[in-house]
Amino acid sequence: MNVPNHVAVILDGNGRWAKSKGLPRKMGHVQGGKNVEDMLYVADELGIKYFTVYAFSTENWKRSEDEVAALMSLLRSYLLSGFKKAAKNNVRIRIIGDKTYLAPDIQKAIAELEADSANNTGLQFQIAINYGGRDELLRMMKQMVRKASDGELTEDDVTTEYVSNHLDTAGIPDPDLLIRTSGEQRISNFLLWQLAYTEFYFTNKHWPEFDREELLLAIEAYNKRDRRFGNAK
């Protein structure tokens, strides 16, 4: 089996899963968070090198105050526990997205976790928080304009490699496979530049019930694709 090097996941359906169980939405996010940790073990076991999850988008701030507060509370809990888990499992953790909008204590915890796990050589785990593909591109373009105004950037400097190296995912290969759970079939402003040649896999399973078997089904479908790039025929 050809295992994709980089798998990205849009974690959809936590709230719907909770509703189907007669539980509050918060419990769906709690279970979804636990499932992320479970799937990290599975991804590592299967030989996936990079695993990226869409945890909180720039649009998620529009949700109810209670739900946003619950999500931020879960994030704080994960960041606190992440140190020990990353060290124990040799996982490198990086947060992508605009971190300046997050609370100061969360920003501090992120910086410490990223620094603490920077030399880990196992699974590379990226968490998209306050992330939006359009926002990422806008931030990058504004940086380019500033550099051009200062005479540090010319037209010839701007290449596809330059853009890739100035996005939040700099140094991380583009995803080979994108998985979205809960039946939705859109990318919802996720990794707009990086998904140019990515294979998509959609499943009706809600994220909290997505398991090893489901991941294997996604990889099996990926293996059946005829991967072509550029002008290949």
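Which residues in α7 are buried? Keep that question in mind as you move through this predicted model; the tour comes back to it at the last stop.

**Stop 1: the sheet**

Start by showing the strands. Six of them make up an open sheet, and its order is β3-β4-β2-β1-β5-β6, with parallel pairing. Select 92-96 and then 199-202 to find the edge strands, β3 and β6, each of which pairs on one side only. Turn the view a little: on average, neighbouring strands of this sheet are turned by 20° against each other, direction ignored. As background, strands of a sheet pair through backbone hydrogen bonds, either parallel or antiparallel.

**Stop 2: strand β5 and its partners**

Now select residues 177-180, which are strand β5, together with residues 6-10, strand β1. These two strands run parallel and are joined by four bridges. Look for alanine 8, which stands opposite leucine 178 in β5, and for valine 9, which stands opposite isoleucine 179.

On to β6: four bridges also join β5 to β6, and this pair runs parallel. Click on isoleucine 179 again and look across to tyrosine 201, its bridge partner in β6.

Next, show the side chains of β5. Leu177 and Ile179 point one way, Leu178 and Arg180 point the other way, and all are buried. In a regular strand, side chains alternate between the two faces of the sheet.

**Stop 3: asparagine 14**

Select residues 14-20 to bring up helix α1, where you will find asparagine 14. Is asparagine 14 buried or exposed? Its relative accessibility is 11%, so asparagine 14 counts as buried, the cut-off being under 20%. To see what touches asparagine 14, add Gly28, His29, Gly32, Trp207 and Pro208; these are its contacts once neighbours within four places in sequence are left aside.

**Stop 4: helix α7**

Finally, select residues 212-223, the twelve residues of helix α7. At 1.5 Å a residue, α7 should span 16 Å, and its end C-alpha atoms are indeed 16 Å apart, so the two values agree. At the start of α7, pick aspartate 211: one of its side-chain oxygens comes to within 3.3 Å of the backbone nitrogen of glutamate 213.

Here is the reply to the opening question: Glu214, Leu215, Ala218, Ile219, Ala221 and Tyr222 are buried in α7. Look down the axis of α7 and you will see these buried residues fall within an arc of 160°, so they line one face of the helix. To see what covers them, show α2 (25-46), β5 and β6, which are among the covering elements.

Terms used: Residues are numbered from 1 along each chain as its sequence is written. This is a predicted model: local features need pLDDT of at least 70, side-chain atom pairs count only at pLDDT 80 or more; totals for chains, interfaces and linings use all residues. Side-chain values use heavy atoms; hydrogens and water are left out. Two strands pair if DSSP finds at least two bridges between them. Axes are lines fitted to C-alpha atoms, for helices over the stretch in contact, and angles run from 0 to 180 degrees between N-to-C directions. The expected span of a helix is 1.5 Å times one less than its number of residues. Buried means under 20% relative accessible area, exposed over 50%, partly exposed in between (1.4 Å probe, protein chains only). The arc is that of the directions from the helix axis to the C-beta atoms. Contact means heavy atoms within 4.5 Å. A polar contact is a pair of N or O atoms within 3.5 Å; within protein, one must be able to donate a hydrogen and the other to accept it, and residues adjacent in sequence count only if both atoms are side-chain atoms.
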